[in-house]
Amino acid sequence: MSVEFEELRDIHPRDNLLRTDLFPHIWCPGCGLGIALHAFLEGMEKAGIPREKRTVVSGIGCSGRTAGLLKVDSYHTTHGRPIAFATGLKLANPDLHVTVFSGDGDLFAIGGNHFIHAARRNVDLKVICINNFNYGMTGGQMGPTTPAKAKTTTTPYGNFEHPFNLPWLAATCGATYVARWTTLDARQIRDSIAEAAVKKGFTFIEIVSPCPVGYGRPNRIGSGLDEMKFYEENWELRSGNWIIQEGANPREADIDLGKAIVVGKFVDIDKPTFLDMYREQMPQFLAEKENAKDRKEEVRE
Amino acid sequence: MRGDVLTGKYFMNGDIAAAEGALAAGCRFFAGYPITPSTEIAERMAERLPEVGGIYIQMEDELASMAAILGASCTGAKAMSATSGPGFSLMMENIGLGIMMEVPSVVVNVQRGGPSTGLPTSVGQQDMMQARWGSHGDYEIIAYSPNSPQEMFDLTVKAFNAAERYRLPVLVMADEAVGHMTERVVVPEKSAIPIVNRRGPSVPPAEYRTFKAGEDLVPEFAVAGQGYFVRMESLTHDELGRPALTAEAEQVLVGRLRDKIATHAHEIAEYEEFLTEDADVIVVAYGITSRCVRQAVEEARQEGIRAGLLRLVTAWPFPSWRIEELAVQAKAFVVPEVNFGQMVREVQRVAGPAKTTFVQYPPGAMPHPDRTLKAIREVGK
């Protein structure tokens, strides 16, 4: 087996984009993260983002390991804080192309406040959330996206909480681009990542991913492949801009245990980013201040 | 439009002086959250950074503020935040990240009374041990303790230089009295302000290792976007930046993170002495307290007690070696603080046979010299 693995590694066309010294990776068999990672590599190539400008920031958790696997400037930060860290990176050097690649618990429980504010400010960040409905790295606990009634190690009698509907949350917070796919939709993920990569402003892509160990087993979904089969059989495509098209309203994109998962593009709008507004306002205000007759002078001795 | 160094003599409060010191040191990014009594620093930066081509951003909280300045610093920008107790508590998490990823940055803590919301508008010195130990895990820290608006300027410049030199978050542990005090501040000529910049990579990208340290135990810093493909890692990591979850890797990494400060402690630590040469009672003080109790030392001298003052300019690294030297000649140390006993423990630890007396001042009021004078008299008998 190891010989075959070495051979495969030698010929894999994406090797030059990965830190192959960290392979084999630590993700479980059947996990969707590999598909998402591959789609990301393809999406960035497709979008033509220069390699040295690609910067990836992750938080903590299974998805948090993504940054370290990518051969780009990578930052594996603290739990919940990748968006705040990425905000500093992007604003201090706007030439960077900054992607935040992290999980549902990281981005929406401990890091929820940073998500809503970065979206509100429209910081030019590309946020990708791998949603596996649980905390995988710590062994399958309930999280902010765990569907009601679903079983996890901390909801042994079923989840009593309402989960977040992530596309709706992102849309209402002001994201300029919002899409959701499952790991079954590898090409759509790639295309969506490529589309969001060149879209100005705060973009959000949710990738629903199987977690056969943490979520699939206690909820009797089966293997990773079984969960993908479930996506295939319960797939509903909505696309377009919900603001102008009824019927693709992300408000209706709730995820319930055993029910269809709405996928597609929900939002694609244009509005000025934080830096656009900063740069547009500043010269005028500074000039006004400079010319003001009642300009406040420093109190000199 | 004003430049980054406002050379001249001013009547300025400590918070504003800290902001001006940051700009003079090259700070071009500020992320913060309004909190009394440090808000004037944020307000000044919001006004001034656009004038020098920098970025000010008001974040949603101090967790985000600290994370954002680390991110900004990873592009090579000099970055700062300012806060007070409650915000400092929130920053602890990402101060640890800055230690672990070795990211230069500066945090000014204008201390007020605590715990919790405490005394928002009045003076305290209760975060001195939090500055040293507040984030989880083992580490060494650098913390300055200004006692005047002038030092708010000077020590903020030094904090940036130390952060760049040793690659870590450096703290300016001010207090409300110094932050809100308005006094003469002399801003030197730009050319007279020494500036230190972090060392960049000396090797091409193919040979670059994110955490490979030089002889001084400090790694070379590659900024984002230059093709070096840095691997910044918050997990315990090896020289390459790969997660290395073993006792051996922890020993090597955390050992180096501590040693890079500990082995330079004599270079970093600063203190001032007043009448210590022949003193047998030595007052050890810092921040606003060091100014108030100088009068107690002078009055004790007039009464014939050989009192002296050791003023800590850096609280951390703590100049324990100097206390040890003074302990040979002195029969007692008197340590006044506006808290319930923090730095006194450090003095006690190294004072040997010399007696250590703590003078407790409650946070919320300026420390009056009489209480310290009384303590000097008691031990100086």
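In chain A, 69% of the contacts with a separation of 6 or more involve residues 24 or more positions apart, two residues being in contact if their C-beta atoms, placed from the backbone, lie within 7 Å. The model is predicted: local features need pLDDT of at least 70 and side-chain atom pairs count only at pLDDT 80 or more, while totals for chains, interfaces and linings use all residues. Residues are numbered from 1 along each chain as its sequence is written, with chains lettered from A in the order in which they are written.

Buried residues (20 or more other C-beta atoms within 10 Å of their own) make up 52% of the 301 residues in chain A. Chain A contains eleven helices and eight strands, defined as DSSP runs (H or I, at least four residues; E, at least two) numbered from the N terminus.

Within helix H6(A), residues 112-121, the buried positions are His114(A), Phe115(A), His117(A), Ala118(A), Ala119(A) and Arg121(A). These pack against several helices, including H4 (82-92) of chain A and H3 (62-73) of chain B. Asn122(A), just after H6(A), adopts a positive phi of about 60°.

H4(A) also packs against H3(B), at an angle of about 40° and with the axes 6 Å apart; axes are lines fitted to C-alpha atoms over the stretch in contact, and angles run from 0 to 180 degrees between N-to-C directions. Among the residues that meet are Phe85(A) and Leu89(A) in H4(A) and Leu63(B) and Ile69(B) in H3(B). The residues of this contact comprise 13 nonpolar, three polar and no charged (nonpolar: Ala, Val, Leu, Ile, Met, Phe, Trp, Tyr, Cys and Pro; charged: Asp, Glu, Lys and Arg; polar: the others, Gly among them).

Notes. A residue is buried if 20 or more other C-beta atoms lie within 10 Å of its own, exposed if 12 or fewer, and partly exposed in between; C-beta atoms are placed from the backbone.
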